[in-house]
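Hi everyone, thanks for making room for me today. Let me put the structure up on the screen, and then we can walk through it together.

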Amino acid sequence: MGSHVLHLLLYSAIVAAFFGALLRRRATDQWKLGASIWIAMVGGTLALAYLMYPFPR
Amino acid sequence: MNVAAEASRPPGSVGPSPTGLTILALLCGWLVPGLGHILLRRVRRGLFFSALVLGSFALGVTHEGRVALRDERQAPFLSAMQVVANAGVGLADLAARHHVYGAVTYALPNDPGAPSYEAWLGILRDRTRSVASIYGTAYLWTAGLMNLLLLFDIWDIGRGRKQ
């Protein structure tokens, strides 16, 4: 699997699921926290990539 | 363990001293991700975390992640921290080291003239050169660090601070 984006989505999903399950007790809260973490990781990375786009090396 | 007493305890309060079962669960949880929770009767939680940690570990191995070796000559502290992140996953790390280096080793030999020094360094460099290695390393170290964090969860469950 060589796609950067797929790795970003998958890695974020693993980390989000882990912390969602670890830090919250109720299933709904686990989903909410997991989704927030996933969105923050993926969104943050894409935002950073977008900001860096005008400045290649 | 008295379940009713545990349930009535206010959140955040300190429970009884760790029992032998908690210590055993900590050890088993480190060696086999998820097993500590299962021993404390959190079977679903244990299986879920086991799947996450071992899944991440498997992705790391298949993507040629860096199975770190402590290097006394270059950045000994940093390389030792990398070894800790790898070793966090327990027995699976032993298997990975045997698979990658042909031996269960955690450090490069101090003597650069030793035959295993060049061999292991070569293997480490070859894996690092792989395009996917940076992803593999992230998965591997994340698996180890997640499992180490789970030990705190096991501790809290064993102490009665968490259900």
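I'll start with the fold of chain A, then turn to its helix pair, and finish with the contact to chain B. Please keep in mind that this is a predicted model.

So, what secondary structure does chain A have? There are two helices and zero strands. The radius of gyration of chain A is 14 Å, while the globule rule gives 10 Å for 57 residues, so chain A is more spread out than a compact globule. You can also see that in the C-alpha trace, which spans about 45 × 25 × 10 Å along its principal axes. As for burial, 14% of the 57 residues of chain A count as buried.

Now to the helix pair. Two packed helices are described by the angle between their axes and the distance between the axes. Here, helix α1 of chain A covers residues 4-23 and helix α2 of chain A covers residues 27-52. They pack at an angle of about 150 degrees, their axes being 8 Å apart, and the crossing of α1(A) and α2(A) is right-handed.

Which classes of residue make up this contact? The contact of α1(A) with α2(A) has 15 nonpolar and five polar residues, and no charged ones. On the α1(A) side, the residues include Leu8(A), Val15(A), Phe19(A) and Leu23(A). On the α2(A) side you'll find, among them, Trp31(A), Ile37(A), Trp38(A) and Met41(A).

Last, the partner chain. The contact takes 10 residues from chain A and 12 residues from chain B. On the side of chain A that touches chain B, seven residues are nonpolar, two are polar and one is charged.

Definitions and conventions: Residues numbered from 1 in each chain as written. Chains lettered and ligands numbered in written order. Predicted model: local features only at pLDDT ≥ 70, side-chain atom pairs only at ≥ 80, totals over all residues. Helix = DSSP H or I, 4+ residues; strand = E, 2+ residues; numbered from the N terminus. Rg over C-alpha atoms; globule rule 2.2 N^0.38 Å. Buried ≥ 20, exposed ≤ 12 C-beta atoms within 10 Å, placed from the backbone. Contact = placed C-beta atoms within 7 Å. Nonpolar A, V, L, I, M, F, W, Y, C, P; charged D, E, K, R; others polar. Axes fitted to C-alpha atoms, helices over the stretch in contact; angles between N-to-C directions. Left-handed = near helix turned anticlockwise from the far one by under 90°.
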